Amino acid sequence: MPSSTRQLKDRVLEYLDEMTPQLIQISQTIHANPELAFEEYKSMALLADTAEAHGFSVTRGVAGLETAFEAVSVGAPPGNGPTVAFLAEYDALPDLGHACGHNIIGTAATGAALAMLAIRNEIRGTVKLIGTPAEEKGGGKAIMVERGVFDNVDAAMMIHPGSKAMVARGSIASNSLSFEFFGKAAHAAAAPDKGINALDACIQTFVNINALRQHLTPDVRIHGIITHGGDAVNVVPKYARADFSVRAATSDESLDVVEKVIRCAEAGALAAGATVKATHQRHYAHRVPNPILAQLFAANVTEVGETVVQPDPNERKGSSDMGNVSHLIPAIHPYIPIVDPGIGSHTPEFAEAAVGERGDRALIRAAKALAMTAVDLLTQPELIEQAKAEHAKMVNPNARWRQMRFFGED
Ligand SMILES: [Zn+2]
Ligand SMILES: [Zn+2]
C-alpha cells in the first residue's frame, strides 16, 4: 500500500533534519566563494556534484549555458506522473557578494531535491533540480525558457530570502535596452563644424526621456547610464553608448514604454545628426504567482514555523527572470525572512544575514517547505491540473513578449 502524503512529508522532514549540517555547509561554501552571472563555476559544480552523488542524473551546461545544469530523478512506481522542478540560483553581485542570498536559493532547492530522492520509490513522477545561472544580470531563466528547458516541466518552485514570509508576491516586467550613437570625429576647437557629436545625441536621449516621464503611469521605471561618452575632450565624440532598464507593472505595458524610449533615442540622434542602433537585449516578464502552488506552499511553510503575510500592494517591487518561467508553467517564487523588515537585499547587512543563524534556519525551512509542496503535487496530481487551469486563466500565450526572440535559436 502506498504511503500517504502525510507519511511521505514526515520522511522528507526527517531526512532534511539529518541533512541540515551538510546543507548549511554547502550554503556557506557558496557564500564564501561569490561568483558573478555566468561565471558560477564552483557554485554550479558543488550543487550539481552533490545531486549526482546522491543519485540524480545530471547534465551540465544545458541550454548552451556553461553554468546551467539539470538533475533528473524519475520516480520508481510504474506509470507516468507529473514533472516538478526546483530551481536553484547561485549568482552573486559585484562588490557585495551574496547580498541577494542566492546561496540560500541554490542550497534550499538542492536540499528539497535530495529529500525527494529519499522517497523516490514511492513517488510517481519526475523530480528535477534545475540550476539557473545569472539571475542578477543576464537572465539565465529567460534564456532557458526560450531554449525549451521548461517545456516538459509541469510546475516550478523556488524560494527567495527576504524580510517577510510571502508566497504570492509578483514582480514587475523589465527590459534591457542599449543605444549606440554614431557620429563623426573632428577637432573640438579647430573644426567642430566638421564633427557630429554622438555624446550630444546620447545626452539628448536622456532629456527626451525625462520629458516623457510626465506622461507615463506611476508604475513605470526608466533608469539609464552612459557607458561610453567619448575618448578625449578635444575630439568631437564619434561614439557614445547608454544602457537603460525600462520597467512597468506588466510585460505589455513595458513594451509600449520601450517603443517610446526608442523614439526618444531616435529623436536624440536626429537632433545631433547622428545615427543610433537600438538593441532590446532582454525581457523579464512580470511574475504570475500560481495560486494553487502558493496555497500549498503557504500551508507547508507555516507548518515549519513561518508566519505568512500578504504582500503589500503598494510595496515597490523589482524584476526577476522567474517571471518568464511563470508565464510558461505554474510557478511560485515565495519569500522567507532572513532579516527584519526595512533591511533590503543588495546590502552588506543582507549578505551577512545570508550566512547568519537566521539565514541557515530559513534555508532548512525553505528546503522543507519546497519538498513538502512537491510531495503534495506528486501524490495528488489533480492539484497540478488545478494549478494548470488557474495558470491558463492568468497568462496570455499570445502576449507580445512571448513572440519575441532575444537569444537566437542555438
Ligand atoms: Zn538580487
Ligand atoms: Zn535575488
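Here are three short exercises on this structure, which is a predicted model.

**Exercise 1: the two domains**

Work out which stretches of the chain form each domain, and what the side of domain 1 that touches domain 2 is made of.

Solution. Start with the domain assignment: domain 1 takes 5–171 + 287–403, and domain 2 takes 173–284. Next, check the spacing: their C-alpha centres are 37 Å apart. Now look at the contact, where domain 1 puts in 10 residues and domain 2 puts in 9 residues. On the domain 1 side, α8 (322–328) and α12 (400–403) each supply at least two residues. Sort that side by class and you get 3 nonpolar, 5 polar and 2 charged residues.

**Exercise 2: a helix pair**

Decide how α7 is oriented relative to α11: parallel, antiparallel, perpendicular or oblique.

Solution. Helix α7 (residues 291–303) packs against helix α11 (residues 381–394) at about 130 degrees, with 7 Å between the axes. Roughly perpendicular stops at 115 and roughly antiparallel needs over 145, so α7 is oblique to α11. Then find who touches whom: Pro-291, Ile-292, Leu-293 and Leu-296 come from α7, while α11 brings Leu-383, Gln-386, Ala-387 and Glu-390. By class, that contact has 6 nonpolar, 1 polar and 1 charged.

**Exercise 3: the core**

Find the largest nonpolar core and say where it lies.

Solution. This core holds 125 residues, and those with the most contacts inside it include Phe-86, Ala-109 and Ala-371. Helix α10 (residues 357–379) gives the largest share, 13 residues. Both domains contribute residues, so the core lies between them. Zoom in on Ala-371: leaving out residues up to four places away in sequence, Ala-371 touches Val-12, Leu-16, Ala-112, Ala-115 and Met-116.

How values were computed. Residues are numbered from 1 along each chain as its sequence is written. Chains are lettered from A and ligands numbered from 1 in the order in which they are written. This is a predicted model: local features need pLDDT of at least 70, side-chain atom pairs count only at pLDDT 80 or more; totals for chains, interfaces and linings use all residues. Domain bounds come from an automatic or database domain assignment. Two residues are in contact if their C-beta atoms, placed from the backbone, lie within 7 Å. Helices (H or I, at least four residues) and strands (E, at least two) are DSSP runs, numbered from the N terminus. Ala, Val, Leu, Ile, Met, Phe, Trp, Tyr, Cys and Pro count as nonpolar, Asp, Glu, Lys and Arg as charged, and the others, Gly among them, as polar. Axes are lines fitted to C-alpha atoms, for helices over the stretch in contact, and angles run from 0 to 180 degrees between N-to-C directions. Angles under 35 degrees count as roughly parallel, over 145 as roughly antiparallel, 65 to 115 as roughly perpendicular and the rest as oblique. A nonpolar core is a set of buried Ala, Val, Leu, Ile, Met, Phe, Trp, Tyr and Cys residues joined through C-beta atoms within 7 Å. A residue is buried if 20 or more other C-beta atoms lie within 10 Å of its own, exposed if 12 or fewer, and partly exposed in between; C-beta atoms are placed from the backbone.
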